[in-house]
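Student: I have the sequence and the structure open, and I'd like to go through them slowly. Could you walk me through what stands out?

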Amino acid sequence: MSVDTPRRIVLLRHAKAEWSQESDHERPLADRGRRDAPAAGRWLAGTGITPDLTLCSTAARTRETWKLAVHELPQRPRTVYEERLYEASLGELIALLNETSDDVDDLLLIGHNPGMHALADALSGEAEGDLLPRMNRSGFPTAAVAVITFDGSWKSVEHGVGRLAAFWTPQS
């Protein structure tokens, strides 16, 4: 693969979860989340992006979001349930991206805030139109999706390397 290979990072925040007596890690989706997760999958399918790899947090709400969203995609990408995504800091998320094999062109991360929003903001040195201010005003709500493009190796992912190419929320 060339170091100039165009790549995409798709960031999906889990859908709306219940507040329950369960541990935070085991919180299930709320009714709204069970409606919004398939909508996020339909939006992603409509973009034509077919992730080569999905890294999904091990939390119940992220696993359930993925289970509902993936049924909307034309094909199921290889999926790895990654416990490091749960409560990951910005630095930990970038380190995880840097570990990605260069055989992967399109990577989908399913995680949590504040990490998903922080990562989208940090990587987006540029943006299409008003996407960056719109994303920052929205606060990256549940079931939101950001698509960031960049050229090069996954090892080169760092602050400002990408372009925010798309941002979607269930309310958009």
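**Salt bridges, core and backbone**

Tutor: Let us begin with a charged pair: E26 forms a salt bridge with R63, and their closest N and O atoms are 3.9 Å apart. Please keep in mind throughout that this is a predicted model.

Student: Where do E26 and R63 sit along the chain?

Tutor: E26 is in the loop between β1 and α1 (31–47), while R63 belongs to helix α2 (residues 60–70), so the pair links distant parts of the chain, 37 residues apart.

Student: Is E26 buried or exposed?

Tutor: Neither label fits, because E26 has a relative accessible area of 36% and counts as partly exposed. R63 is also described as partly exposed, at 34% relative accessibility.

Student: OK, and how many salt bridges does the structure hold?

Tutor: The structure holds 14 salt bridges. One of them joins R84 to E82, with the closest N and O atoms 2.8 Å apart, and another brings together the side chains of R84 and E99, at 2.9 Å from N to O.

Student: What does the pair of R84 and E99 tie together?

Tutor: R84 lies in the loop between β3 (78–81) and α3, and E99 lies in the loop between α3 and β4, so their salt bridge ties together parts that are 15 residues apart in sequence. There is also a network in which salt bridges that share partners join R7, D102 and D105.

Student: Back to R84 for a second, how accessible is it?

Tutor: R84 is partly exposed, with 43% relative accessibility, whereas its partner E82 is at 13% and counts as buried, because the cut-off for buried is under 20% relative accessible area.

Student: Switching topic, which residues have the most contacts inside the largest nonpolar core?

Tutor: Those are L11, L97 and F140, in a core that has 28 residues. The elements that give two or more residues to this core are β1 (6–13), β2 (53–56), α3 (90–98), β4, α4, α5, β6 and β7 (162–168). Apart from it lies another core, of 17 residues, including A39, A40, W66 and V147.

Student: And what is L97 in contact with?

Tutor: If we leave aside its neighbours within four places in sequence, L97 is in contact with I9, L107, L109, L119, L123, W154 and V157. As a general background, nonpolar side chains tend to be buried together in soluble globular proteins.

Student: You mentioned F140, so where does it lie?

Tutor: F140 lies in the loop between α5 (131–138) and β6 (145–151), and at 0% relative accessibility it counts as buried. Its backbone deserves a look as well, since F140 has a positive phi of about 55 degrees although it is not a glycine.

Student: What about the phi of A143?

Tutor: A143 has a positive phi too, of about 70 degrees, and is not a glycine. The place of A143 is in the loop between α5 and β6, and A143 counts as buried at 0% relative accessibility.

Student: Last one: which peptide bond is cis?

Tutor: The peptide bond from N113 to P114 is cis, with omega near 10 degrees. You will find P114 in the loop between β4 (106–111) and α4 (115–123).

Conventions: Residues are numbered from 1 along each chain as its sequence is written. This is a predicted model: local features need pLDDT of at least 70, side-chain atom pairs count only at pLDDT 80 or more; totals for chains, interfaces and linings use all residues. Side-chain values use heavy atoms; hydrogens and water are left out. Helices (H or I, at least four residues) and strands (E, at least two) are DSSP runs, numbered from the N terminus. Buried means under 20% relative accessible area, exposed over 50%, partly exposed in between (1.4 Å probe, protein chains only). A nonpolar core is a set of buried Ala, Val, Leu, Ile, Met, Phe, Trp, Tyr and Cys residues joined through side-chain atoms within 4.5 Å. Contact means heavy atoms within 4.5 Å. A salt bridge is a side-chain nitrogen of Lys or Arg within 4 Å of a carboxyl oxygen of Asp or Glu.
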